[in-house]
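Let's take a look around this protein together. Keep the structure open as you read, and find each residue as it comes up.

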Amino acid sequence: MKLIRLGLFSVLSLFAIASLIGILLPSHVLVSRAVDIKAPKDSIVLYLNNIEEWKGWMDGMQQASVQIQSAQQADLAGTKVLITSITDSTIVSTWQTKNGGIQLSTVRMIKDTVHQQTIVQWQFEQKVKWYPWERLGSMMNDKILGTMMEKNLNNLKLLAEKN
């Protein structure tokens, strides 16, 4: 009986410590990357505002599990993507995962007239709940998402500068 009580107390103590550490972490996570592309903004936006065009620069878009319903909507292996807003310099989309988590993706294009290039800045925003595993897991977002975003932005740069 003492062993069961000790085990229960240990589990509850570890959960409380993880929760306290999680509370110290932010509930709003932002991962952002940027690339300079030597191409006009008008030619870059063509690759960004249509999900069909993402196949040319975004890894994984050629897989059989990707189903593109329209130019603004797709299912990327269980993650539902919907382009919600397109302006002359910004494309906003929502990414909803299988478990219901929502991330807001924003791509901004900033024209640099001095260097005759376009700065493409891509960011993902996510609000995480108070659960310790979500807060602690969000620490890996920058490493996981950031690496993927850098690679895809470099693919976009190569594609846009080639054409």
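First, a word on naming: helices and strands here are DSSP runs, numbered from the N terminus, and a strand is a run of at least two residues marked E. Also keep in mind that this is a predicted model.

## A hole inside

How many cavities of 30 Å³ or more does the count come to? Just one. Its volume is about 70 Å³.

Now for the walls. The lining is made up of Leu48, Trp54, Trp57, Met58, Ile91, Ser93, Trp95, Ser105, Val107 and Trp122. Two elements, β5 and β6 (102-112), each give two or more residues to that lining. The largest share comes from β5, with three residues.

## Two spots on the strands

Start with Thr90, which sits in strand β5 (residues 90-96). Is Thr90 buried or exposed? Its relative accessibility is 19%, and the cut-off for buried is under 20%, so Thr90 counts as buried. Skip its neighbours within four places in sequence, and Thr90 is in contact with Ser85, Thr106, Val107, Arg108 and Met109.

Next, hop over to Gln121 in strand β7 (residues 117-127). Gln121 is buried too, because its relative accessible area is 15% and buried means under 20%. Its side chain makes a polar contact with the side chain of Gln123, at 3.3 Å. If you don't count residues up to four places away in sequence, Gln121 touches Ser32, Arg33, Ala34, Thr106, Val107 and Arg108.

## Helix α2 and its two sides

Helix α2 covers residues 41-48, and its buried residues are Ile44, Val45, Tyr47 and Leu48. Why do these end up on the same side of α2? Because they cover an arc of only 155 degrees around the axis. Leu48 also turns up in the lining of the largest cavity.

Turn the helix around, and the face away from the buried side of α2 carries the exposed residues Asp42 and Leu46.

## Helix α4, end to end

Helix α4 (residues 141-162) has 22 residues. From its first C-alpha to its last it reaches 31 Å, close to the 32 Å expected at 1.5 Å a residue.

The buried residues in α4 are Asn141, Leu145, Gly146, Met149, Asn152, Leu153, Leu156, Leu159 and Ala160. Look down the axis of α4 and they fall within an arc of 150 degrees, so they line one face of the helix. On the other side of α4 you'll find Lys143, Ile144, Leu158 and Lys162, which are exposed.

Conventions:
Residues numbered from 1 in each chain as written. Predicted model: local features only at pLDDT ≥ 70, side-chain atom pairs only at ≥ 80, totals over all residues. Heavy atoms only, no water. Buried < 20%, exposed > 50% of the residue type's maximum accessible area, 1.4 Å probe, protein only. Helix = DSSP H or I, 4+ residues; strand = E, 2+ residues; numbered from the N terminus. Arc of directions from axis to C-beta. Polar contact = N/O pair within 3.5 Å; in protein donor to acceptor, adjacent residues only side chain to side chain. Contact = heavy atoms within 4.5 Å. Expected span 1.5 Å × (residues − 1). 1 Å grid on protein atoms, 1.4 Å probe; cavity = no way out; pocket = protein on both sides within 12 Å on 5 of 7 lines; lining within 4 Å. Points joined across faces, edges and corners; volume = space filled by probe spheres on them.
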